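Colleague: Please take one part of this model and go through it closely. I would like the pairing of the strands, step by step.

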Amino acid sequence: MASSAGPEIERLIGLLARLPGLGPRSARRAALTLLKRREQLLLPLADALGEAAARVKTCTTCGSLDTTDPCAICADGARDASLICVVEEVGALWAMERGGAFRGRYHVLGGLLSALDGVGPDALRVGPLVGRASEVGVREVILALPATVDGQTTAHYLADRLAGTDVSVTLLARGVPVGGELDWLDDGTIAQALRARRPA
């Protein structure tokens, strides 16, 4: 770390360096910026972190993060309770909400199955998902999982686990993105787009 800094600054840099996307150099720059702009950045950030630590909790229904339980999405009566969209983590839920196209409910798995990392079904929120899918009125479970080996493995496992329920299990379409050009796409994306083609 920065040998000329005191232990408090080194601790700040060390903690910042643990955040995704921040290595030791970026953490040093962030710490320096925070310390230089103490009133505008550091103190408000410290207050926000303290408040988030005290108030934010995990929704016992869907696994999202909010200050209420159930979360605002689960408590919203205007949302379609017959649709459950399964996502890997809360960040994926936020991405879906940013688009504004989905008006159903969510289920956060808390990760993906991964033999290499030792993540099995018991480490994920699979049981609660099966329970929710079995509730009266639920008609479709949408698996919005990454197009990776672990994501596809998890999707196949969930489809098998949900086979005993009366719900339709669907996957997000994959293929050519809006505004995408074919010569910039990888072979797998083009192949998937061909398989998922639909009438014009």
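**The sheet, strand by strand**

Modeller: Start with one facing pair: V86 stands opposite H107 in strand 4. This is a predicted model, where local features need pLDDT of at least 70, side-chain atom pairs need 80 or more, and totals for chains, interfaces and linings use all residues. Numbering starts from 1 along each chain as its sequence is written, and side-chain values use heavy atoms, without hydrogens or water.

Now the whole sheet. Four strands build an open sheet, and their order is 4-3-5-6. The pairing is parallel. Strands (E, at least two residues) and helices (H or I, at least four) are DSSP runs numbered from the N terminus. Two strands pair if DSSP finds at least two bridges between them. The edges are strand 4 (104-108) and strand 6 (168-171). Each of these edge strands pairs on one side only. On average, neighbouring strands are turned by 25° against each other, direction ignored. Axes here are lines fitted to C-alpha atoms, for helices over the stretch in contact, with angles from 0 to 180 degrees between N-to-C directions.

Take the strand 4 side next. Strand 3 covers residues 80-87. Five bridges join strand 3 to strand 4, and the two run parallel. C85 has Y106 of strand 4 as its bridge partner.

How many residues of strand 3 are buried? Six of its eight are, so strand 3 is largely enclosed by the rest of the structure. Buried means under 20% relative accessible area, exposed over 50%, and partly exposed in between (1.4 Å probe, protein chains only). In strand 4, five of the five residues are buried, so this edge strand too is largely enclosed by the rest of the structure.

Stay with Y106. This partner of C85 also belongs to an aromatic pair, with F102. The structure holds one such pair. The two ring centres lie 5.2 Å apart, and the planes make 65°. That is edge-to-face. Rings of Phe, Tyr and Trp (its six-membered ring) pair with centres within 6.5 Å; planes under 30 degrees apart are stacked, over 60 edge-to-face, the rest tilted. F102 and Y106 are both buried.

Move to the other edge. Strand 5 spans residues 140-143. Strand 5 pairs with strand 6 in the parallel sense, over four bridges. E140 is found in strand 5, and the bridge partner of E140 in strand 6 is S168.

Is E140 buried or exposed? E140 has a relative accessible area of 18%, so it counts as buried. Compare its position with V126. The two are 14 residues apart in sequence. In space, E140 and V126 are 16 Å apart, C-alpha to C-alpha.

One backbone detail comes earlier in the chain. The peptide bond from D69 to P70 is cis, with omega near 10°. P70 lies in a loop, between strand 2 (65-66) and helix 4 (72-75).

To put the sheet together again: read the order as 4-3-5-6. Five bridges hold the pairing of strands 3 and 4. Four bridges link strands 5 and 6. Y106 meets C85 through a bridge and F102 through the ring pair.
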